[in-house]
Amino acid sequence: MSAVLRPAALPRRMAVGDIDAVLAIEQAAYAFPWTHGNFVDSVAAGHWSELHFDTEGRLAAYAVALPVVDEMHLLNLTVAPALQGRGRARALLDRLQAECRERSLVTLWLEVRVSNTRARRLYGWRGFDEVGLRRAYYPAPHGEREDAVVMRLMLPSAGRADGALD
């Protein structure tokens, strides 16, 4: 008897019908997750998004970003806790950076919790600079707030539609 392999689902944009699966990962990954409404609003607004799947076709990771003029702002990048450390966040960042290149964007921004050293290392390794601090940006346990590090990636200008030089 031979095994039949089911192909993994290809990466694709998030749709409203995906939000329950996205929310399950969000709630497993974070003490203070985005709400259902946050995801609905992002889909309705047409924000850039991408879903990645495991080899069985189950949702494994996702990202949501907001394009604004000549910049992109990464709003949420999450990998299912059981699948972290396998390159999925890097793959999502690759796709986001490719999208930025396609749109001739010049800067990619994000905020990350001060305590999230793993993500800060990944972003630093990817070329992001820590350029600021947002005090009391994120909710924290016991009604407290946690600071966010503001990170910026300057994107290559080669091929920009406006021909501008940096």
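Here are three short exercises, with worked solutions, on the predicted model above.

Residues are numbered from 1 along each chain as its sequence is written. Local features need pLDDT of at least 70, side-chain atom pairs count only at pLDDT 80 or more, and totals for chains, interfaces and linings use all residues, while side-chain values use heavy atoms and leave out hydrogens and water.

**Exercise 1. Find the helices and strands of the protein chain, and give their pattern along the sequence.**

Step 1. Start with the rule: helices (H or I, at least four residues) and strands (E, at least two) are DSSP runs, numbered from the N terminus.

Step 2. Counting this way gives 4 helices and 6 strands.

Step 3. Now read along the sequence: the pattern is α-α-β-β-β-α-β-α-β-β.

**Exercise 2. Work out the strand order of the sheet, and see which helices lie across the strands.**

Step 1. Two strands pair if DSSP finds at least two bridges between them.

Step 2. Following the pairs gives an open sheet of 6 strands in the order E1-E2-E3-E4-E6-E5, with mixed pairing. At the edges sit E1 (48-53) and E5 (129-139), each pairing on one side only.

Step 3. Look at one pair: E3 (residues 71-79) and E4 (residues 107-113) run parallel and are joined by 4 bridges. Within E4, Leu108 is the bridge partner of Met72.

Step 4. For angles, axes are lines fitted to C-alpha atoms, for helices over the stretch in contact (heavy atoms within 4.5 Å). Angles run from 0 to 180 degrees between N-to-C directions.

Step 5. Helix H1 (residues 19-29) lies across E1, E2 (59-68) and E3, at about 95° to E2. Helix H4 (residues 117-125) lies across E3, E4, E5 and E6 (145-154), at about 160° to E4.

**Exercise 3. Describe the largest pocket and its lining.**

Step 1. On a 1 Å grid over the protein atoms alone, a pocket is an open set of points where a 1.4 Å probe fits, with protein on both sides within 12 Å along at least five of seven lines; lining residues have an atom within 4 Å of a point.

Step 2. The largest pocket holds about 1100 Å³ of space, taken as the space filled by probe spheres set on the points, which are joined across faces, edges and corners.

Step 3. Of its 39 lining residues, Tyr30, Leu77, Thr78, Asn116 and Ala119 are the closest to the centre.

Step 4. Which strand gives the most to this lining? E3 does, with 7 residues.
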